[in-house]
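The following exercises concern backbone geometry and charged pairs. Please inspect the sequence and the structure before reading each solution.

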Amino acid sequence: MRSEISRRKLLQNSGVIAATALGWGTQRSIAGENKEPQPLKGNINQSVVHWCFKKYWDLEKTAQVASQLGMKSVELTPAENWKTLKKHGLTCAIASSHGFKKGFNNPEHWDQCIEILRKRIDECAAGGVKSVITFTGMRDGKINDEEGAKNCVAGLKKIIGHAEKKKVNVCLEMLNSRDDSHPMKGHPGYQGDKTEYCIDIIKQIGSPRMKLLFDIYHVQIMDGDVIRRIRQHKDYIGHVHTAGNPGRGELDQKQEINYPPIMQALQEIGYQGFVGQEFIPTRDPYQGLKQAVELCDV
C-alpha cells in the first residue's frame, strides 16, 4: 500500500513539474514574440515597399515599423510623403513613376513616360532620393521583342541624359509574365520578362545611370540561377526586390528561394544599394516583415 501511495505521489508531482515547465515555455514564447528587434548587422540596406502593406498600415505606421525593425527606407511612395519618412530617419530608396503597363517599348507612350520620369528625377534630386523605377511596358499583342527592345533604347535615351545631369539612377524592372493568378503576382504580356533582355537594353543605352531593378521573385520564376545572375550582372544592378515564390508571400519555409546566400552574394559583389521587401502578407504583417528583415540580415 505504501508503495502504491508513493507511486501515486510521484506521478502527481511529475504532472505538476510538467505543467510548470509548459507554463514557463509558453511565457518564454510570448516574451519572444513581444521583445524588441535586435540591432541589425547593417551589411544589407533594407527597405519596405509601401504598396504591399497599405491594407494594414498607413504611411506613418509603415515608417514607424520600418524604423523599429532597423530598416532604412520606405519605397515607391510619392514625393509628398518623403517628409514623413525623414521624420523617422528614413529615405525613399526608389521612387515610383509611370507604371508597368505603358512603357518605352511603345513610342505612343513615350511623351507620357518621359514627362512623368522627368518630374520624378527632379523630385529625387531635390529630395535626396537616388533612384526611380521604369518599365518596358506590355507587348499588347503587336510589339515583337526585337522591336520592343529597339523602342526602349531609343525612348530611354531621350531621358537618361537628364538623369545623368541630376545624378539619379533609372532602374528598369524585369517582371514575370508567367503567373496569371493575381494582377500583382505576375504580369502576362509584359515585354521585359527576361533578365538578359533587360540587361541588353541597358547595355545599349550605355549610361552609368541606367540600371536594372533585379527582382529576385520575378527572376526566380522566369530565369532562375539567381546567384549566378547577380554575379554576372553586378555592374548593372541598381536596386533589388524580394518575395517568396510561389505566391509572392513571406520569405518563410513555405517557399523555395533561399534568401541568406543570395544576400551574401550581394554583399560579396560589393552591392551598396537597397533590398526592398516586396512580399504580399498572408499573415500578421509585422511578424512576416520582421522575419524577412532578420533573414536578409547577413
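**Exercise 1.** Does R248 count as buried or exposed?

*Solution.* The model is a predicted one. Buried means under 20% relative accessible area. R248 has a relative accessibility of 2%, so R248 counts as buried.

**Exercise 2.** Examine the backbone of the loop that holds R248.

*Solution.* Begin with the general expectation: most residues other than glycine have a negative phi, and most peptide bonds are trans. R248 is located in the loop between β6 and α9, and its phi is positive, near 55°. P246 is found in the loop between β6 (237-242) and α9 (259-268). The peptide bond from N245 to P246 is cis, with omega near 0°.

**Exercise 3.** Determine where L76 lies and describe its phi.

*Solution.* L76 belongs to the loop between β2 (73-75) and α3 (82-87). Although L76 is not a glycine, its phi is positive, about 55°. With 18% relative accessibility, L76 counts as buried.

**Exercise 4.** Explain what the salt bridge between K87 and E60 joins.

*Solution.* In general, side chains of opposite charge can pair when their charged atoms come close. The structure holds 11 salt bridges. In one of them, the side chains of K87 and E60 meet at 3.2 Å, N to O. K87 lies in helix α3 and E60 in helix α2 (residues 59-68), so the pair ties together parts that are 27 residues apart in sequence. K87, at 57% relative accessibility, counts as exposed, while E60, at 27%, counts as partly exposed.

Definitions and conventions
Residues are numbered from 1 along each chain as its sequence is written. This is a predicted model: local features need pLDDT of at least 70, side-chain atom pairs count only at pLDDT 80 or more; totals for chains, interfaces and linings use all residues. Side-chain values use heavy atoms; hydrogens and water are left out. Helices (H or I, at least four residues) and strands (E, at least two) are DSSP runs, numbered from the N terminus. Buried means under 20% relative accessible area, exposed over 50%, partly exposed in between (1.4 Å probe, protein chains only). A salt bridge is a side-chain nitrogen of Lys or Arg within 4 Å of a carboxyl oxygen of Asp or Glu.
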